[in-house]
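I opened this model to look up its aromatic pairs, its odd backbone angles and its buried parts. My entries follow in the order in which I looked.

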Amino acid sequence: MSGPTEHHSPPTDVRIAVISGSVRTERMGPTIAGWVVAALDDTTVDLIDVADVTLPDDSLLWPGGGPRSEVADRIAAADGFVFVTPEYNHSYPAALKRLIDWHYAEWRLKPATVVAYGVQGGHAAIEHLRGVLAELGVVATRRAMGLRAPWQFLDDQDRYAPDPEVCQGLAASLAELRWWAELLAEARRDRPLPV
């Protein structure tokens with residue numbers, strides 16, 4: 001007598017947008033974002049640097065609407081997100097909040113993880129960002145990364161080169177993100193959220 005047959009769908013090709021959230025001149029954001037992109041080597045990745053994005057004037061923004069931004073289509077095309085953010089004054093930067101606020105439907109029913117950094121590891125930025133993402137219908141992964149003083153772990157080419165356990169932590173966070181991205185892509189296609 002044979003057991004129940006297991007059905008496994010083939011993995012979907014998911015697109016992950018890595019969003020680098022700092023605009024300061026001297027910043028670690030692009031370095032950390034590059035580390036994340038390298039860890040997503042088997043995934044389609046779109047790197048969005050907030051410093052390179054020009055958003056419309058905030059006077060034109062209203063809840064859930066406003067003119068389309070230059071990155072709206074890129075955000076809409078993503079199946080999941082990695083927010084790379086510093087911690088400023090116990091939260092995340094205003095430039096990242098503006099990027100988030102200028103979009104609404106583009107974020108909905110998609111997963112995100114946060115890779116934050118700062119003197120103490122960026123954990124306050126993670127928690128503040130999770131609350132905002134929940135309001136937008138984003139599924140924040142349980143695993144997130146808080147990197148303490150990452151500027152102390154640069155190699156001779158100024159790349160972020162942390163201890164192996166930190167890299168393993170990122171791999172676990174990204175595996176969870178990919179699982180949610182595949183699951184929610186299927187759900188958005190086959191089971192629309194009731195309104």
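**Entry 1: aromatic pairs.** I searched the whole structure and got five aromatic pairs. The model is a predicted one, and I read every value below as computed from it. I took W35 and Y160 to begin with: their ring centres are 4.8 Å apart, the planes stand at 90°, and the pair is edge-to-face. I then looked up where the two residues sit. W35 belongs to helix α1 (residues 29–39), while Y160 is in the loop between β6 (145–148) and α5 (164–190), so this pair ties together parts 125 residues apart in sequence. I checked burial as well, and both W35 and Y160 are buried.

My next pair was F83 with W107. The centres are 5.6 Å apart and the planes make 45°, so I entered this pair as tilted. With stacked reserved for planes under 30 degrees apart and edge-to-face for those over 60, the tilted class takes the rest. F83 is in strand β3 (residues 80–86) and W107 is in the loop between α3 (94–101) and β4 (111–118), so the parts tied together here are 24 residues apart in sequence. F83 has 0% relative accessibility and therefore counts as buried. W107 also comes out at 0% relative accessibility, so W107 counts as buried. I noted too that ring pairs join F81, F83 and W107 into a cluster.

**Entry 2: a charge over a ring.** I looked up what lies over the ring of Y88. The charged end of R24 sits there, 3.7 Å from the ring centre.

**Entry 3: the largest nonpolar core.** I wanted to know which residues touch the most other members of the largest nonpolar core. This core has 27 residues, and the ones I was after are I19, F81, F83, L96, L99, I100 and W107. I see that the members of the ring cluster, F81, F83 and W107, are in that list. Two or more residues come from each of β1, β3, α3, β4 and α4 (123–135). The element that gives the most is α4, with five residues.

I listed the contacts of F81, leaving out neighbours within four places in sequence. They are I16, A17, I19, I75, E106, W107, K110, P111, A112, T113 and L177. I also found another core lying apart from the largest one; this other core has 20 residues, including V18, Y117, L170 and A181.

**Entry 4: the buried side of α1.** I asked which residues of α1 are buried. They are G29, I32, A33, W35 and V36. These residues cover an arc of only 155° around the axis, so they lie on the same side of α1. I then looked up what covers them, and the cover includes β1 (15–20), β2 (44–49), β3, β4, β6 and α5.

**Entry 5: positive phi.** I looked for residues that have a positive phi without being glycine. One of them is H90, with a phi of about 70°. H90 is placed in the loop between β3 and α3. Its relative accessibility is 56%, so H90 counts as exposed. Another is A149, with a phi of about 45°. I located A149 in the loop between β6 and α5. A149 has 8% relative accessibility and so counts as buried.

**Entry 6: W102.** I found W102 in the loop between α3 and β4. Is W102 buried or exposed? The relative accessible area is 5%, so W102 is buried. Not counting residues up to four places away in sequence, W102 touches L55, P56, D57, D58, L60, L61, G66 and P67. With D58 there is also a polar contact, side chain to side chain, at 2.9 Å. I took one C-alpha distance from W102 as well: A144 is 42 residues away along the chain, and the two C-alpha atoms are separated by 24 Å.

**Entry 7: E176.** My last look-up was E176, which is in helix α5. The relative accessible area of E176 is 13%; the cut-off for buried is under 20%, and E176 is therefore buried. Leaving out residues up to four places away in sequence, E176 touches T141, R142 and R143.

Conventions:
Residues are numbered from 1 along each chain as its sequence is written. This is a predicted model: local features need pLDDT of at least 70, side-chain atom pairs count only at pLDDT 80 or more; totals for chains, interfaces and linings use all residues. Side-chain values use heavy atoms; hydrogens and water are left out. Rings of Phe, Tyr and Trp (its six-membered ring) pair if their centres lie within 6.5 Å; planes under 30 degrees apart count as stacked, over 60 as edge-to-face and the rest as tilted. Helices (H or I, at least four residues) and strands (E, at least two) are DSSP runs, numbered from the N terminus. Buried means under 20% relative accessible area, exposed over 50%, partly exposed in between (1.4 Å probe, protein chains only). A charge sits over a ring if NZ of Lys or CZ of Arg is within 6 Å of the ring centre and within 35 degrees of the ring normal. Contact means heavy atoms within 4.5 Å. A polar contact is a pair of N or O atoms within 3.5 Å; within protein, one must be able to donate a hydrogen and the other to accept it, and residues adjacent in sequence count only if both atoms are side-chain atoms. The arc is that of the directions from the helix axis to the C-beta atoms. A nonpolar core is a set of buried Ala, Val, Leu, Ile, Met, Phe, Trp, Tyr and Cys residues joined through side-chain atoms within 4.5 Å.
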